[in-house]
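Biologist: Could you give me a close look at the inside of this one, and how the pieces there connect? I work at the bench, so please spell out your cut-offs as you go.

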Amino acid sequence: MISNPVPWPNGAKVACAITFDIDTDSILHLEHRERAPTMLSTMSWLKYDEVAIPRLVELYARYEIKQTFFYPAWCMERYPHLVDVILKGGHEIAAHGYLHENPNKLSPEDELYWFERQIAVIEKMTGQRPRGWRAPLYNFSKYSVDYLIEQGFIYDASLMGDDVPYILKTKNGSVIELPSQWAMDDWPHYTHAPDMHYMMPIKSPDEAMNVFMSEFEAMYRNNGLWVTVWHPFVSGRLARCERVGQMIEEMQSRGDVWFAKMEEIATHVQTCIDDGSWSPRIDNLPYYDEPIPELKDANLA
Ligand SMILES: [Zn+2]
């Protein structure tokens, strides 16, 4: 059912990346600038990252996998000990904004300022420029792709337009998209947080895992790409994290599942494109320069 499956390494039937976005309390300061310092309960919920991140890194070590963490740079500066834990585990740190700002709600100039500032922090704290980016809250703007291209990123992980990697192309160049989608995000399954204006009925780990694993089974049958968008303070809670361990065991028992960092998946995809063993679908961006003309002077509200 996938028309152009990627030839994954060693005959693997699916490429899997458990990616976590480490937003910690950046999102609370962004949402409630003045009140955040006195919102201690919600703050403590978000700062559970300090418990969950070492737990996740230990979990990955148990199953001998290396994965990718998308990290707002302000959170890295605020919690450098967590950055150390991740780097010591051999995992990738990729970009996720400076303070989780929303790129498509900023001017192009402001978007670029924060985009460059996040890169400088990652370079200083990890010794390497980031290779990948996920827009905070998926808020990829019509300028974002050119900033990625200009700054030498090899992949983006913000968009939802396919089941396999594809190419985002502009007149300035291109970047590989490693797509995911809302069903692979843990917020809709688990998050009840009135201060964040997000109130979903909380599911059991098995119920949430049914959704994630249905996606996995379909990707496994069709040679797709399976990328989670999870958060340590959400999926790293004890019962959910234990269930993630069972999930990794189930997946690894198949023997033909490729767990990899996002940068490894992007590098493999680029190699396949270069040697002609695979041709990606190409999306030319931006999709629209401005509001569609049919809306001009129209009273459709
Ligand atoms: Zn985020």
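Modeller: Let's settle one word before we go in: "buried" is under 20% relative accessible area, "exposed" is over 50%, and "partly exposed" is in between, with a 1.4 Å probe and protein chains only. This is a predicted model, so local features need pLDDT of at least 70 and side-chain atom pairs count only at pLDDT 80 or more, while totals for chains, interfaces and linings use all residues. Residues are numbered from 1 along each chain as its sequence is written, and side-chain values use heavy atoms, with hydrogens and water left out.

By that yardstick E263 counts as buried, because its relative accessibility is 15%. Its partner is R131, in a salt bridge with the closest N and O atoms 2.7 Å apart. (A salt bridge here is a side-chain nitrogen of Lys or Arg within 4 Å of a carboxyl oxygen of Asp or Glu.) R131 sits in the loop between α6 (108–126) and β4, and E263 in helix α12 (residues 262–275), so the pair ties together parts that are 132 residues apart in sequence. Helices (H or I, at least four residues) and strands (E, at least two) are DSSP runs, numbered from the N terminus. R131 counts as buried as well, because its relative accessibility is 16%.

The rule gives 9 salt bridges in the model. Another one joins the side chains of D21 and R134, at 2.6 Å from N to O. D21 belongs to strand β1 (residues 14–21) and R134 to the loop between β4 (132–133) and α7 (144–150), so this pair ties together parts 113 residues apart in sequence. D21 and R134 are both buried. R254 and E217 also meet through their side chains, at 2.5 Å from N to O. That pair links the loop between α11 (238–252) and β11 (257–259), where R254 is, to helix α9, where E217 is, 37 residues apart. Here the two partners are partly exposed: R254 has a relative accessible area of 33%, and E217 has 25%. D162, R281 and D283 are linked in a network of salt bridges.

Now back to β1 and the strands beside it. β1 and β2 pair in the parallel sense over 3 bridges, with T19 standing opposite T68 in β2. (Two strands pair if DSSP finds at least two bridges between them.) On its other pairing, β2 runs parallel with strand β3 (residues 92–95) over 4 bridges. There the bridge partner of T68 is E92, and Y71 stands opposite A95. Strand β2 (residues 68–71) is covered on both faces, with T68 and F70 buried on one side and F69 and Y71 on the other. β3 is covered on both faces too: E92 and A94 are buried on one side, I93 and A95 on the other.

Y71 also takes us into the largest nonpolar core, which has 74 residues; Y71 is among the members that touch the most others, along with I18, F140, F216, W226, M247 and I248. Helix α9 (residues 205–222) gives the most to this core, with 7 residues. By "nonpolar core" I mean a set of buried Ala, Val, Leu, Ile, Met, Phe, Trp, Tyr and Cys residues joined through side-chain atoms within 4.5 Å. Leaving aside neighbours within four places in sequence, F216 is in contact (heavy atoms within 4.5 Å) with V14, C16, W226, M251, R254 and V257. Apart from the largest core lies another, of 24 residues, including A12, F70, I265 and C272.

One last spot inside is L178, in the loop between β7 (173–177) and α8 (187–190). L178 counts as buried, because its relative accessibility is 1%. Not counting residues up to four places away in sequence, L178 touches Y155, D156, A157, P165, L225, M262, I265 and A266. L178 and M262 are 84 residues apart in sequence and 7.9 Å apart in space, C-alpha to C-alpha.
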